[in-house]
Amino acid sequence: MMKRAVGIFLSFSAILTYLKIEAHYYPLEEKITLNGVTTVIYNYPSMYWVICVILLITFILGIYLILAKNKQPKEYPLYDISK
């Protein structure tokens, strides 16, 4: 039960953090002009990609914890050692 609660927390926090990061990071704009033609290239900062990778790993870990089944200890039959 505790695994599932931690998994739900990790998944939702990863999603909400991604949405917040997406709202705050704007791509850097580069304008290249050749022969009167302007090309605009949008690049995100490298820290944006690092944060996205960390959030993806956190989300996958959360989904794993949600879907993981609890292992039940095996019950062995009692043996009579006095025989």
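Below, a biologist questions a modeller about this predicted model.

Biologist: Which pattern does the chain follow, read along the sequence?
Modeller: The secondary structure comes to two helices and two strands. Read from the start of the sequence, their order is α-β-β-α.

Biologist: What radius of gyration does the chain have, set against a compact globule of 83 residues?
Modeller: Take the box first: along the principal axes, the C-alpha atoms fill roughly 100 × 20 × 15 Å. A compact globule of 83 residues would come out near 12 Å. The radius of gyration of the chain is 25 Å.

Biologist: What share of the 83 residues is buried?
Modeller: The accessible surface comes to about 7,600 Å². Carbon and sulfur atoms hold 69% of that surface. Of the 83 residues, the buried share is 14%.

Biologist: Is Ser11 buried or exposed?
Modeller: Ser11 sits in helix α1, residues 2-24. Its relative accessibility is 5%. The cut-off for burial is under 20%. Therefore Ser11 counts as buried.

Biologist: Which residues does Ser11 touch, leaving out those up to four places away in sequence?
Modeller: Helix α1 holds Ser11, and helix α2 spans 46-67. With sequence neighbours up to four places away left out, the residues that Ser11 touches are Phe59, Gly62, Ile63 and Ile66.

Biologist: Why does Ala68 count as buried?
Modeller: Ala68 is found in the segment after α2. Burial needs a relative accessible area under 20%. Ala68 is buried because its value is 15%.

Biologist: Which residues does Ala68 touch, and how far apart in space are Ala68 and Glu30?
Modeller: Residues up to four places away in sequence are not counted, and Ala68 then touches Lys3 and Arg4. Glu30 is 38 residues from Ala68 in sequence. From C-alpha to C-alpha, Ala68 and Glu30 are apart by 46 Å.

Biologist: What share of the contacts with a separation of 6 or more comes from residues 24 or more positions apart?
Modeller: The contacts taken as the whole are those with a separation of 6 or more. Residues 24 or more positions apart account for 56%.

Biologist: How many aromatic pairs are there, and what is the geometry?
Modeller: The count comes to one aromatic pair. Tyr48 and Trp49 form that pair, 5.0 Å centre to centre. Tyr48 counts as buried, at 4% relative accessibility. The planes of Tyr48 and Trp49 make 80 degrees, and the cut-off is over 60, so the geometry is edge-to-face.

Biologist: How far apart are the mean positions of the positive and negative charges?
Modeller: The chain has 8 positive and 5 negative charges. Their mean positions are apart by 11 Å.

Notes:
Residues numbered from 1 in each chain as written. Predicted model: local features only at pLDDT ≥ 70, side-chain atom pairs only at ≥ 80, totals over all residues. Heavy atoms only, no water. Helix = DSSP H or I, 4+ residues; strand = E, 2+ residues; numbered from the N terminus. Buried < 20%, exposed > 50% of the residue type's maximum accessible area, 1.4 Å probe, protein only. Contact = heavy atoms within 4.5 Å. Rg over C-alpha atoms; globule rule 2.2 N^0.38 Å. Areas by Shrake-Rupley, 256 points an atom, 1.4 Å probe, with all protein chains shown as cover. Lys, Arg positive; Asp, Glu negative; His and termini not counted. Charge placed at Lys NZ, Arg CZ, Asp CG, Glu CD. Phe/Tyr/Trp six-rings, centres within 6.5 Å; stacked < 30°, edge-to-face > 60°.
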